[in-house]
Each structure stands twice: as structure tokens, then as C-alpha cells.
Amino acid sequence: TCHFYTTESVEKFQKSAVNKKIFGVCGGLSEYFGIDASIIRLIWALFVILGGTGVLAYLIFALVMPKAD
């Protein structure tokens with residue numbers, strides 16, 4: 001049998017409790033996707049600079065994402 005979903009291998013989509021600068025959104029996304037938080041922060045900064053949508057998206061994520069356990 002092939003199992004595509006296992007609870008051990010799936011990271012929770014939540015704010016980071018340890019890797020955070022403001023609300024832990026970028027840290028949480030980096031933990032979820034398994035990449036460095038600096039890359040997420042750089043991409044987010046580009047969205048803020050290039051169109052301003054990063055600020056609104058960050059605030060939405062900060063409100064919607066659950067806190068780490």
C-alpha cells in the first residue's frame with residue numbers, strides 16, 4: 001500500500017515561536033516549506049517594495065495563522 005499522508009512528515013501551518021521577528025509569519029512559512037527564513041523575508045520585502053501587497057498579506061497571515069503550540 002502507498003500512503004501519501006502521514007502525520008509525522010507533515011509540518012503544521014502556524015506561526016513560529018522561535019524564528020520570529022515581528023509576528024512569526026515568515027518563520028512559520030519557512031518551517032512549513034522547509035526553507036531558510038531569510039529567503040522568505042527577502043521575497044516578502046520584494047512584494048512590499050514592488051507593489052505594497054506584502055504588507056496586506058502579512059497582516060492577513062498574522063491574523064489567520066494559529067500560534068505555535
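These are my notebook entries on a predicted model of a small set of helices and what packs between them.

**Entry 1: the overall layout**

I started with the secondary structure. The protein has three helices and zero strands, and from the N terminus on the order reads α-α-α. The helices that feed the core are α1 (25-33), α2 (37-50) and α3 (53-64).

Next I pulled the totals. The protein has 69 residues, and 25% of them count as buried. About 5,300 Å² is exposed, with carbon and sulfur atoms supplying 67% of that area. I also checked how far along the chain the contacts reach. Taking contacts between residues at least 6 apart in sequence, 40% join residues at least 24 apart.

**Entry 2: the core**

Which residues make up the largest nonpolar core? I found eight: V25, C26, L29, I40, W44, Y58, A62 and M65. α1, α2 and α3 each give two or more residues to this core. α1 gives the most, with three.

I then looked at I40 by itself. Setting aside neighbours within four places in sequence, I40 is in contact with C26, L29, S30 and I35. C26 and L29 are on the core list along with I40.

**Entry 3: helix α1 and its cover**

I listed the buried residues of α1 and got V25, C26, G27, G28, L29 and S30. What covers these buried residues? The cover includes α2 and α3.

S30 got a closer look. This serine is found in helix α1. Is S30 buried or exposed? S30 counts as buried, because its relative accessibility is 3% and the cut-off for buried is under 20%. Leaving out neighbours within four places in sequence, the contacts of S30 are N19, I35, D36, A37 and I40. I40 has S30 on its own contact list too.

At the other end of the scale I noted F33, also found in helix α1. F33 comes out at 55% relative accessibility, so it counts as exposed, the cut-off being over 50%. Right after the helix, α1 is followed by G34, and the phi of G34 is positive, near 75 degrees.

I also looked at how S38 sits relative to G27. S38 lies in helix α2, and G27 is one of the buried residues of α1. They are eleven residues apart along the chain, and their C-alpha atoms are separated by 8.6 Å. S38 has a relative accessible area of 45%, so I put it down as partly exposed.

**Entry 4: the aromatic rings**

I went through the rings next. How many aromatic pairs are there? The count comes to four. F23 and Y58 form a tilted pair, with 6.3 Å centre to centre and 40 degrees between the planes. This pair links distant parts of the chain, 35 residues apart: F23 is in the segment before α1, while Y58 is in helix α3.

I checked accessibility for both partners. F23 counts as partly exposed at 42% relative accessibility, whereas Y58 is buried, with a relative accessible area of 13%.

Y58 also pairs with W44. Why do I call that pair edge-to-face? The planes of W44 and Y58 are at 90 degrees, with the ring centres 5.7 Å apart, and planes over 60 degrees apart count as edge-to-face. W44 lies in helix α2 and Y58 in helix α3, so this pair ties together parts that are 14 residues apart in sequence. W44 is buried, with a relative accessible area of 13%. Both W44 and Y58 are on the core list from Entry 2.

Taken together, ring pairs link F23, W44, Y58 and F61 into a cluster.

**Entry 5: the nonpolar surface**

Last, I looked at the outside. Which residues make the nonpolar surface patch of about 670 Å²? I wrote down F13, Y32, F33, I35, I39, I43 and F47. F33 in this patch is the exposed α1 residue from Entry 3.

The elements that give two or more residues to the patch are α1 and α2. The largest share comes from α2, with three residues. For the core, by contrast, I had α1 down as giving the most.

Notes. Residues are numbered from 1 along each chain as its sequence is written. This is a predicted model: local features need pLDDT of at least 70, side-chain atom pairs count only at pLDDT 80 or more; totals for chains, interfaces and linings use all residues. Side-chain values use heavy atoms; hydrogens and water are left out. A nonpolar core is a set of buried Ala, Val, Leu, Ile, Met, Phe, Trp, Tyr and Cys residues joined through side-chain atoms within 4.5 Å. Buried means under 20% relative accessible area, exposed over 50%, partly exposed in between (1.4 Å probe, protein chains only). Helices (H or I, at least four residues) and strands (E, at least two) are DSSP runs, numbered from the N terminus. Contact means heavy atoms within 4.5 Å. Rings of Phe, Tyr and Trp (its six-membered ring) pair if their centres lie within 6.5 Å; planes under 30 degrees apart count as stacked, over 60 as edge-to-face and the rest as tilted. Patches are made of residues with over 30% relative accessible area and no salt bridge: like charges are joined within 9 Å, nonpolar side chains (Val, Leu, Ile, Met, Phe, Trp, Tyr) within 5 Å. Accessible areas come from the Shrake-Rupley method with a 1.4 Å probe; for residues, only the protein chains shown count as cover. A salt bridge is a side-chain nitrogen of Lys or Arg within 4 Å of a carboxyl oxygen of Asp or Glu.
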